[in-house]
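Please look through the structure shown here, which is a predicted model, and follow the report below, which takes up its nonpolar cores, its helices and its aromatic rings in turn.

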Amino acid sequence: MLYKTVSNRKQKIVKSHLFFLIAPTIALAVLIYIYPNDLLMWTMSYVAFTLLFTISLLRNITRLKKTLVGLNVHIVSAENSIPFPQKFHDKLGGVSEITKFYHYKKYQIPTSFVEFKEGNTVYLYQKIDEPCGTEPYQILEIHEFQYVLVLDCNNKKKIVHLGNLTAATE
């Protein structure tokens, strides 16, 4: 399944970067113990390394998402369901330009998953819960490495769980 492959790659990225974040912390502690007079220099170096590794982590995760966008996939199972409703009422009436998410209960729903909005009611694209033959889909967007916005052969957008997909081999 595509979900296991993606989550394994994401875990490898995070684990490798965690190692590179822990190593400078230990080095900082040792250097402060050996050279306590240069505390400011060691702290600034540590902050710089931490910032660089954090930027690298975010860039690698973004790169992983970009490799999945445009990928042709097939729906092979109905194991995982999507917790989003087909429609819900938005109490705030608008979306911030910074977050670009609607909040429903404990979930964040990206604005790209919204088909249209009528008053305070927000309608999402149709969810695909069951496999439907060998129809190919193309990934348009990934949310939280779990939920995917796909485009079917009729150019209609639909929402599906990443765990229900497998890469198309053509």
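## Nonpolar cores

In this predicted model, the largest nonpolar core is made of 19 residues, and those with the most contacts inside it are Leu 2, Val 6, Ile 139, Val 148, Val 150, Val 160 and Leu 165. At least two residues of this core are supplied by each of α1, α2, β1 (72-75), β8 (137-143) and β9 (147-151), and the largest share, four residues, comes from α2.

A second, separate core has 13 residues, including Ile 109, Tyr 125, Leu 149 and Ile 159. If residues up to four places away in sequence are not counted, Val 160 touches Ile 75, Ile 82, Ile 128, Gln 146, Tyr 147, Val 148, Val 150 and Leu 165.

## Two helices side by side

The axes of helix α1 (residues 2-34) and helix α2 (residues 39-68) come within 10 Å and cross at roughly 175°. Since angles over 145 degrees count as roughly antiparallel, α1 and α2 are therefore roughly antiparallel to each other. The residues of the contact of α1 with α2 comprise 17 nonpolar, eight polar and two charged ones.

## Aromatic rings

A search of the whole structure finds seven aromatic pairs. In one of them, the ring centres of Phe 49 and Phe 53 are 6.4 Å apart and the ring planes lie at 20°, so this pair is stacked. Phe 49 and Phe 53 are four residues apart in helix α2, and are therefore separated by about one helical turn. Phe 49 counts as partly exposed, with 45% relative accessibility, and Phe 53 is partly exposed at 23%.

Elsewhere, Phe 84, Tyr 107, Phe 113 and Tyr 147 are linked into a cluster by ring pairs.

How values were computed:
Residues numbered from 1 in each chain as written. Predicted model: local features only at pLDDT ≥ 70, side-chain atom pairs only at ≥ 80, totals over all residues. Heavy atoms only, no water. Axes fitted to C-alpha atoms, helices over the stretch in contact; angles between N-to-C directions. Parallel < 35°, antiparallel > 145°, perpendicular 65-115°, else oblique. Nonpolar A, V, L, I, M, F, W, Y, C, P; charged D, E, K, R; others polar. Core = buried A, V, L, I, M, F, W, Y, C linked by side-chain atoms within 4.5 Å. Buried < 20%, exposed > 50% of the residue type's maximum accessible area, 1.4 Å probe, protein only. Contact = heavy atoms within 4.5 Å. Phe/Tyr/Trp six-rings, centres within 6.5 Å; stacked < 30°, edge-to-face > 60°.
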